[in-house]
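Got a few minutes to poke at a fold? Here's a quick back-and-forth on how the pieces sit together.

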Amino acid sequence: MLATVRNRRALVTSVEPFDGATEGRLHLVSLEYTDGSGHREDSVIWEREIDRSLLEPTALPKVDTEPPMIGQEFDALQRAVRWTAISPFLLPDGSVASQTIASPLFGAVQVEDFQLVPLLRALQMPRVSLLLADDVGLGKTIEAGLILTELLLRRRIRKVLIISPAALRKQWQQEMKSKFSLSFDIVDRSETNALQKRMGLDVNPWRTFSRIVTSYHYLRQPDVLEQFRAACSQPDGSARLPWDLLIVDEAHNLMPSNFGQDSDLAEMLRSLSLLFEHKLFLSATPHNGHTRCFSGLLEQLDPVRFTQTSDFTPAMQQRTSEVLIRRLKREINEQDKQAGKTPRFGDRKLHPIPLFFGNRERNLAIAFDAFRTAVKRLIAASHRHEQLAGNFAVDVLNKRLLSCPYTFANSWIRFKDGIKESLIADYMELKAAEKAIAADIDDDRETEGRLQHAARTVGAWLKPLIPHLETEIAAIDLALERLGLLKDGLMGNEGAFPSEDARWNRLQEMVIGEYLRDGTKWRNGERLVIFTEYKTTLDYLQERLTKALAETSPEEGLVRVLFGGMDDREREEIKLAFNDPDNVVRILVATDAASEGLNLQETARLIAHYDIPWNPSRLDQRNGRLDRHGQANDVVVFHFTSEDNADLKFLGHVIQKVNTIREELGSMGDVFDAAFQRRFADLEDTDRAIADLDMAVESQRGRIALPITAKLTDQQAGEELAALAQLRAELDFSPETLRDTLEIALGINGAGLPRLEPTDDLGRSRLKYPIPLQWENLVNDSLRLESSHGTLGALPAIVFDPNHFVQYRNDRPVFRAAKDTALLHLGHPMYHHALFQFARSRFPNQTNESKTTSRWLLRSGDMPIINGQSADALLLLTVEEMAINELRETFHHWVRTIRIPIIDGELGEVLPHVPAASDRAKAIDIAANLARVRELWSDVEQDVKKLLNKLSQDFTARVIESLKERKQSAIATEKERFKDRLAEVKKAASETTLQKLQKERDRLLQNMSQLSLFAEDVRQQSEKLRDLEDELARRRRHYEDLEQFLQQERDRTINLLLPKRHTLHGSVLIFPVTVEIRLPN
C-alpha cells in the first residue's frame, strides 16, 4: 500500500516491531519513495511521524460519473500494476503457484540457461544457503545478482552485505548498479570518517546503510567488527536476525584452517554468518584438498546443515549437493555440442615461447645460481629457522630475477645497501620483512616499498656471510655492469635498458610482431594483456613499449597500465578504454593486484605472462580475465620457457600443468608448494622436480571430487524458458509494451505525447525534448552519459530488448553493450518512477502532484455464449491481491483479470482465465454507447462489490488452509533436522579425543611425505602440530558453541520464525484496479 510521509508519496515495503521505552509498541516502517527526487528509500518510526497517512485503493471506479480513460493510458496503468506484483502464492483455483522467477526482467543482462539454476535452487530454500562454485568466468556475479534481485522483489530481504577482496569492492558496486540498478554503499575507513563528519561522531555506517559493500580485511579489524556488532542488536524474542543476506566473494580466502588456530578472517566470518538469514558464498576453488577446511567453509555457510569435520559422511555428501552449485565450461560446451550448437566457451591455448639468452644475460643467471648455491651451503649446518630465513633471503632476489634483469637490478642495489649498513639484521627483523611482503595489500607502490625494504634487510642479515660470498657477489656485479644495469655500484643511467633482455626481444618480435601487427599496421580487433607480479617490471615495460611503438605508430595511448593503488576513477577510465573497440589502446600491462575482478573479454583474446607467480591460482585468475563468459574467441596464453635456464624450464612446466588440471587447481595447493620448495629451496634437479610434480599431481587427481550440479537438459531448459515466456504473457510484458508504458508515463501530468522519438534504423529510441520537468532530475542522474567536463552528459539512445546487444561472433552469441545506448528494464530508475506514477494515479488526489485516473474503459469484442445465449456485455475486473504474513513479508502479490459475462442485468459465472497479452479488444464509439454502459454498470455495481468481498473471504480461507499445511510440514522438517544435527554435534564432541587427533595428525604428515617433502620439512610440520592439548580444547570449545547456537536457532526457527512466516496477517487484501466493459462487436 501507499503512504504519505514527509510530504512525499511512498510504497510501504516492510513493517517491523520497534519497542519504545515509554510509548509501548512502535513500528519501524521501510519506504520506497515514488517521486524522482531525493533519496529513494527510508526507514521511519511510524508513530512518531507527523501528518503521515495510509492510502488504500479500495474503491471501485466511478463509472457513473467519470469519463472513461484513453485506451493507451488504461493499458499502461494495468501493465504498471502487474509489473509491481509478481510473486503469486496461490492460483485462483486454490493450487500453490509454481516458482515464478522475475529477476531476469529486472536487469540489463542476457541470462544464460545455466545461470537460472542457482536462482531456481535458491527459491526452493526457506533459508538461502548456496555455495556458487562455478568455473572461473561463468558469471557467478550475475547469478548472485539474480538471486539478490529476486529476494528483494519478493520482500524477503532488505539489509544486504557484500564482503570481498578490497580490489573488488568497486567492481561489485558497479556491477550491481549497471546490471541490476541496485545501489550499494562502500564502507571503509574514509567513508566512515566522512559520514561521521556529516552526521556526527555517534553515527554507525552499518546501521545507516541497508546495502553495503566492504572488504573482509577492513571488516576483520577489531574496532570495525565491534562497530558492526553494535549495529546488530535485536529485541528479545525477535523472529528475525539482524541482517538478511550475506554475499562472500572469493570465499576460499576465509576458509578455516585444517589444524590449529583459524585465521582472523575465518573467525570473523564464522561469527558474522550467525547474524544473517540468507548466505551466498562465491568461489571457483572452494576445496583446498583438506576435508576439514572444506567442511569448515560449509559450516560457515550453514551451521544448521554442516559441522567442521575431517570425515565426510554420506549424509554430509548429500547435504553438500543441496547447497553446492558447480558447473564447468567443459561440460557446458559438451552439452552444446550434443545439442548441435556452437560451444559457448572457446578453448584456452597455451603458446610457450622459448628464450635464447645472450652471453651477458646468461652470465647473470649463472652468477646468481652460484650465489644461491653458496648461500645454501653456508647455512646448511644452521638451525632450521636459520635455513628457512636463508631460503627467504634467496627467494626475494630469485623471484625478481625471474621477472626480468631490470627488476632484479633494482632489488640487487637495495641488497647491496643492506650489506653496507652498520648493524646486522637479526632473525626477527627478517621474519618481519617476510611477513610484510606476504601481507595481502592492494597497493603495488606499497608492495614495492616493502620489497625494497626486504631486499635491504636480506643484505643486512647476510652481512656475517659476505666475506664468504665476495666472489659470487662480484660476479653478479660484473654481469649487471655488462648489461648496463649497474654503474659504480649504482643503478645504470636513468631510463637505460639492459643491453640484453631475451623476454623483451621475444615479446616484441613474436607476440607483438606476429599477433598484434601486420607489418607496419595494427591487426584489426587484436589487443594484448601483459601480466606481471611487480610494479617495477610494469614501469619498465610501459617505458620500453611506449618508446618502441612510437617509432612506428604516432598515436598516443597505445599502451596503458593498471596497478594496485590507482585512483578508482583512473582505473575505471583505463578499463573502459581497453573495453572500447574504438579506442586507440592496443596493449594493457597489469599487475596481479590490479587484475582482480577485471573483465577484459570483450576486446582481447591474447594474454602474456611476463613472469610466473609461484602461486598457481594466480595464473588461473589472470587467464580468467579473458577466458570467461562473453569471450567470442579462443584465448591464446603466451609464457616463456627455456632449455638454457633450469628455473624457467621448471616454471614453464608449471604453467602447462596448471592448465591441464585447472578444474582441480584449488585442491592442489600443497602439491605445488612442495614442488616449488624442492626446486627453489632445496635446489633439486629440474627434471627430477618436474617428474615428482607430475607424479604427485596424478596421485592427487580425483581424490577430491566436488559434486557437479546436474545440467539442465534441453527439455528442462525449454521448460524454464517456457515458464518465463508464460510470465511475460501474464504480465503483458514485451519490448513494445515496455516502450509504450514508459512513453505514457512520461506524458502524464500534461507533458503530452509523443515523448519518444520514432525508432531509428538500428531499433533505438530517444527521449523527445523538452524533458518533462518532473522527470528532469531523474533523467540527469540515471540516464545521461558521464561527462568529464563537469557539464551534463549527452542523452543516450534507449532500447528495451537485451537481444539488441547480442552479436554473433564465430557463431557464438555474445552480449555487447554499447556505450551510447542504454538498455531500460523494469529495475531501472526510469521504470521505478514510471510505475509509481501510475500507482499514484489510483489514489484520491490529495495534492496537485498528479491527476487521478478514472480507471475504467469501454471497448468492444466477441461475447461469450452462455447456455446458448450471447452475453449482453463482458465485464473485465482487474484486481490486485496481496497477502502478508506475521513477519510482514508479502508472500502473495499478484494482479489478475476476472472475466464475467453480464446477462439480463446480472453477473454470470466467472469465465476461464486468459493471459493479459492474449486478451485484446477494439475501440468503440464512446459517446454513442456511454449511456448504455452506465446503465449496465448500475445494474451490477453492487454485485461486483459483493463479489470482491466474497473473493477476499474465499481467498483468505484457502490461504489460511494452505499456510496451515505448510507450517505443519515445515516445523516437522525443521524439528527432525535440528534433532539430527544436535545429535551429530554431540557425537562429534564425544569422539574428539587426543587419540583421534593423534591419528589425524599422523595422517596429515603421511600425506605430506607422499608429496615428496623432505624429512626435515615433515619434522618441522610435526613440531607445528605437536600441541594436541590446545587443539583438543579448541575443538571442544567450538562444538560447545555450535551446540548452543543450534539450540537457540532451533527455538527461534520452530517457535517464532516458522509460525509467523506461515500465519496470515489479517486477511487477503483485494484491491480493484480497473474495470473494462466490453460490448458486442
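Two strands count as paired here if DSSP finds at least two bridges between them. Bear in mind that this is a predicted model.

Q: In which sense do strand β11 and strand β12 pair, and over how many bridges?
A: Pairing takes at least two bridges. Strand β11 (residues 243-248) and strand β12 (residues 276-282) meet that in the parallel sense, and the number of bridges is five.

Q: Which residue in β12 stands opposite Leu 245?
A: Leu 245 falls within β11, which covers residues 243-248. Its opposite number in β12 is His 278.

Q: Which strands are at the edges of the sheet of seven strands?
A: This open sheet has the order β9-β10-β8-β11-β12-β7-β13, with parallel pairing. An edge strand pairs on one side only, and that picks out β9 (185-186) and β13 (324-325).

Q: What is the order of the strands in the sheet of six, and which ones are at its edges?
A: The six strands form an open sheet with parallel pairing, in the order β14-β23-β22-β19-β21-β20. Two of them have a single partner strand, so one side of each is left without a neighbour in the sheet: β14 (348-354) and β20 (559-562).

Q: What does the twist average from one strand to the next in that sheet?
A: The sheet in question is the open one that runs from β14 to β20 in its strand order. From one strand to the next, its twist averages 20 degrees.

Q: Which residue in β21 stands opposite Val 561?
A: β20 and β21 pair in the parallel sense over four bridges. Val 561 is in β20, which spans 559-562. Facing Val 561 from β21 is Val 589.

Q: How many bridges join β19 to strand β21, and how many join β19 to strand β22?
A: β19 sits between β22 and β21 in the strand order. It runs parallel to β21 (residues 587-591), where Thr 532 stands opposite Thr 591. It also runs parallel to β22 (residues 606-609), where Ile 530 stands opposite Ala 608. The counts are five bridges to β21 and four to β22.

Q: Why is strand β19 largely enclosed by the rest of the structure?
A: Leu 528, Ile 530 and Thr 532 point one way from β19, while Val 529 and Phe 531 point the other way. Both sets are buried, which here takes a relative accessible area under 20%. β19 is largely enclosed because the buried residues number five of the five.

Q: Which strands does helix α23 touch?
A: Helix α19 (residues 502-516) lies across β14, β19, β21, β22 and β23, running at about 135 degrees to β14. Helix α23 (residues 616-623) packs on the sheet too, with its direction at about 155 degrees to that of β22. The strands α23 touches are β14, β19, β22 and β23.

Q: Which helix gives the most to the largest nonpolar core?
A: This core has 118 residues, and Leu 161, Ile 163, Trp 206, Leu 219, Leu 272, Leu 767 and Trp 775 touch the most other members. With seven residues, the top contributor is helix α3 (residues 140-153).

Q: How many residues of helix α9 are buried?
A: Leu 219 is in contact with Met 268 and Leu 272, among others. Both of these belong to the buried set in α9, which also includes Leu 265 and Leu 269. Helix α9 (residues 264-273) is largely enclosed by the rest of the structure, and its buried count is seven of the 10.

Q: Are α31 and α34 roughly parallel or antiparallel to each other?
A: The axes of α31 (residues 926-990) and α34 (residues 1028-1061) come within 10 Å and cross at roughly 175 degrees. Angles over 145 count as roughly antiparallel, so these two helices are roughly antiparallel.

Q: Does Lys 649 count as buried or partly exposed, and what about Asp 732?
A: Lys 649 is in helix α24 (residues 646-660), and its relative accessible area is 22%. Asp 732 is in the loop between α27 and α28, and its relative accessibility is 7%. The cut-off for buried is under 20%, so Lys 649 is partly exposed and Asp 732 is buried.

Terms used: Residues numbered from 1 in each chain as written. Predicted model: local features only at pLDDT ≥ 70, side-chain atom pairs only at ≥ 80, totals over all residues. Heavy atoms only, no water. Buried < 20%, exposed > 50% of the residue type's maximum accessible area, 1.4 Å probe, protein only. Axes fitted to C-alpha atoms, helices over the stretch in contact; angles between N-to-C directions. Parallel < 35°, antiparallel > 145°, perpendicular 65-115°, else oblique. Core = buried A, V, L, I, M, F, W, Y, C linked by side-chain atoms within 4.5 Å. Contact = heavy atoms within 4.5 Å. Lists of a residue's contacts leave out its neighbours within four places in sequence.
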